Every structure is written in structure tokens, then in C-alpha cells.
There are 2 protein chains.
Amino acid sequence: MRSVDSLLDAVPEGAKIVCIELVEGAVALPEFEHPENAFYVFGPEDGSLEQAVVDRADAVVYIPTIGCMNLAATVNVLLYDRMAKSYQQQANNPLDQGDQLIRQSRDTNNLLQVK
Amino acid sequence: MRSVDSLLDAVPEGAKIVCIELVEGAVALPEFEHPENAFYVFGPEDGSLEQAVVDRADAVVYIPTIGCMNLAATVNVLLYDRMAKSYQQQANNPLDQGDQLIRQSRDTNNLLQVK
């Protein structure tokens, strides 16, 4: 973590700036192709990104909801969408190792099985 | 809203039961095809669904994460996935009316534009 005067000072070399915000003219997330090297910028809950940041963005993306989601939900959905699309592009699908991931990630109280 | 002794008593006529839970043998959400008429059942945060509910499920789905998400995030991601997939199947894509949706859904302080 580091402090910067502007988010634009923190963009890593070679990364594409992707703003996630309800902005007219934005691309709907289901139709968006994520850059491999992306720097995602999310707006605050009570307000919006600065126009200067949006002006510098390589892409502006919105999540098509009725009403707006809070920040945590927005980040979860954005990262899920990136993961889901990247899996579809891989020939050797990591979801084939799903049971191992499930055993690592589930609650320790969870001993369910699909019979 | 109504109270029932078991979730299984609340399944609407004709609906498919879809459990969302980290269960070995479950289908990864990116690969899941949602039934048109679905009754989604989510597990509690500290524990899991009852085996009896999982046994009755038409499908059991997990979200492939490192660690598990909280309930609100899980619901957001599940419903986003359903929406994203349903849009892809529609010839007359409702995302084409995106700007109207954005104007209705954005924060009143948000007057940004993609230039």
C-alpha cells in the first residue's frame, strides 16, 4: 500500500486503466473483454470517480443493475466476471480441479456431499 | 415472506432447486446453465446447508474462490451470473438500452460522461 495524490500516479507500467462506474457511454460488464494487465478503478459509494480519471481510462465499464450496488459487491462481481471469462479461454480448465478447491475453501463445519 | 419448517416446504410449483454451497461434486458457477424457473438456496455463513436439502437439489453449484465469500457477496455474484448468461441468449439485447439504465441507477451526484 502507498499513498498517492492522484490515482493516475499509481498506474503500473503497461497496465490498462479500467474504470467501473455508472457513466453514460460505458460498456456493460457482460460484454466487456478484460485486458490481461488491468488497473481497475472503482468509484466511491456516495459520489463518483473524477472526470479526469474517466478521461484517461482505456475502458469504462458498468454493471447493469436496477439501482447501484455497494463497493464490496461491485468488486466481487467484477472479479468474478474476470475469472469466469478467463476460465472459458483456457484449454486446460482449472475448474476440473474443483473438488480440491472446495475442500480448501469451505467452512470447517461443512462436510456436505453431492450424492 | 412466510415461515416454513423446512426450505423444502417453500419450493414453488415447477421450480428447480439450486443449492449454492461449497460441496464436493458441485458444478462451478461459470459452467452452470441456470434453469429458467429456479429456487436458489444459499447456505448460512457459519455452517452449511442441511444434507436433506442438498439431496433434494436439482443442481448444486459452487463459486470457485480461494476461501469462501460472505452471503451477500455470494447472492450478488450468483444473480450477476444469471443475468450475464441470459443477456447473451437474447437476440434483442437489453444492454443496448444501457444509457437509460445508467441514468436511472446512478447516484444523483454522478454526472460523469465517457468523452
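A residue counts as buried when its relative accessible area is under 20%, as exposed when that area is over 50%, and as partly exposed in between. The exercises below use this cut-off on a predicted model.

**Exercise 1. Describe the fold of chain A, giving its elements and their order.**

Step 1. Begin with the secondary structure, which in chain A comes to three helices and four strands.

Step 2. Read these elements from the N terminus on, and the order is β-β-β-α-β-α-α.

Step 3. Turn next to the contacts in chain A with a separation of 6 or more, of which 68% are accounted for by residues 24 or more positions apart.

Step 4. Finish with accessibility: of the 115 residues in chain A, 44% are buried.

**Exercise 2. Find the salt bridges over all chains, and state for each residue involved whether it is buried or exposed.**

Step 1. A search of the whole structure gives two salt bridges.

Step 2. In chain A, the pair is A:Lys85 with A:Asp81, whose closest N and O atoms are 2.8 Å apart. Both residues belong to helix 2 of chain A, which spans residues 71-88, and they are four residues apart, about one turn of the helix.

Step 3. In chain B, a salt bridge joins the side chains of B:Lys85 and B:Asp81, with an N to O distance of 2.8 Å. These two residues lie in helix 2 of chain B, again four residues apart, or about one turn of the helix.

Step 4. Now apply the definition given at the start: A:Lys85 and A:Asp81 are both buried, and B:Lys85 and B:Asp81 are both buried as well.

**Exercise 3. Work out the surroundings of A:Asp81, and explain why this residue counts as buried.**

Step 1. Locate the residue, which lies in helix 2 of chain A.

Step 2. The relative accessibility of A:Asp81 is 5%, and therefore A:Asp81 counts as buried.

Step 3. List the polar contacts of its side chain: one is made with the side chain of A:His34 at 2.7 Å, and another with the side chain of A:Lys85 at 2.8 Å.

Step 4. Leaving out residues up to four places away in sequence, A:Asp81 touches A:Leu29, A:Pro30, A:His34 and, from the other chain, B:Tyr80.

**Exercise 4. Characterise the interface between chain B and chain A by its area, its pairs and its residues.**

Step 1. The contact draws on 53 residues from chain B and 53 residues from chain A.

Step 2. The area buried between the two chains is about 4,500 Å², and carbon and sulfur atoms give 58% of this area. On the side of chain B, the residues that lose the most area to chain A are B:Glu24, B:Tyr80 and B:Leu112, which together give 17% of what that side buries.

Step 3. Count the pairs: there are zero salt bridges between chain B and chain A, while two residue pairs are in polar contact across the interface.

Step 4. Ask which elements of chain B give two or more residues to the side that touches chain A. They are helix 1 (51-56), strand 4 (59-62), helix 2 (71-88) and helix 3 (98-105), and the largest share, nine residues, comes from helix 2 of chain B.

Step 5. Sort the residues on this side of chain B by kind, which gives 26 nonpolar, 14 polar and 13 charged.

**Exercise 5. Set B:Glu21 beside B:Ala38, and decide whether each is buried or partly exposed.**

Step 1. B:Glu21 is placed in the loop between strand 1 (16-20) and strand 2 (27-28) of chain B, whereas B:Ala38 is placed in strand 3, residues 38-42, of chain B.

Step 2. B:Glu21 has a relative accessible area of 11%, so it is buried. B:Ala38 stands at 22% relative accessibility and therefore counts as partly exposed.

Step 3. Neighbours up to four places away in sequence being set aside, B:Glu21 touches residues of both chains, among them A:Asn110, A:Leu112, B:Ala26 and B:Tyr62. With its neighbours within four places likewise left aside, B:Ala38 is in contact with B:Lys16, B:Val18 and B:Arg82.

Step 4. Close with a distance: B:Ala38 and B:Asp58 are 20 residues apart in sequence, and their C-alpha atoms are 9.5 Å apart in space.

Key
Residues are numbered from 1 along each chain as its sequence is written. Chains are lettered from A and ligands numbered from 1 in the order in which they are written. This is a predicted model: local features need pLDDT of at least 70, side-chain atom pairs count only at pLDDT 80 or more; totals for chains, interfaces and linings use all residues. Side-chain values use heavy atoms; hydrogens and water are left out. Contact means heavy atoms within 4.5 Å. Buried area is the accessible area (1.4 Å probe) that two parts lose on being put together, summed over both. A salt bridge is a side-chain nitrogen of Lys or Arg within 4 Å of a carboxyl oxygen of Asp or Glu. A polar contact is a pair of N or O atoms within 3.5 Å; within protein, one must be able to donate a hydrogen and the other to accept it, and residues adjacent in sequence count only if both atoms are side-chain atoms. Ala, Val, Leu, Ile, Met, Phe, Trp, Tyr, Cys and Pro count as nonpolar, Asp, Glu, Lys and Arg as charged, and the others, Gly among them, as polar. Buried means under 20% relative accessible area, exposed over 50%, partly exposed in between (1.4 Å probe, protein chains only).
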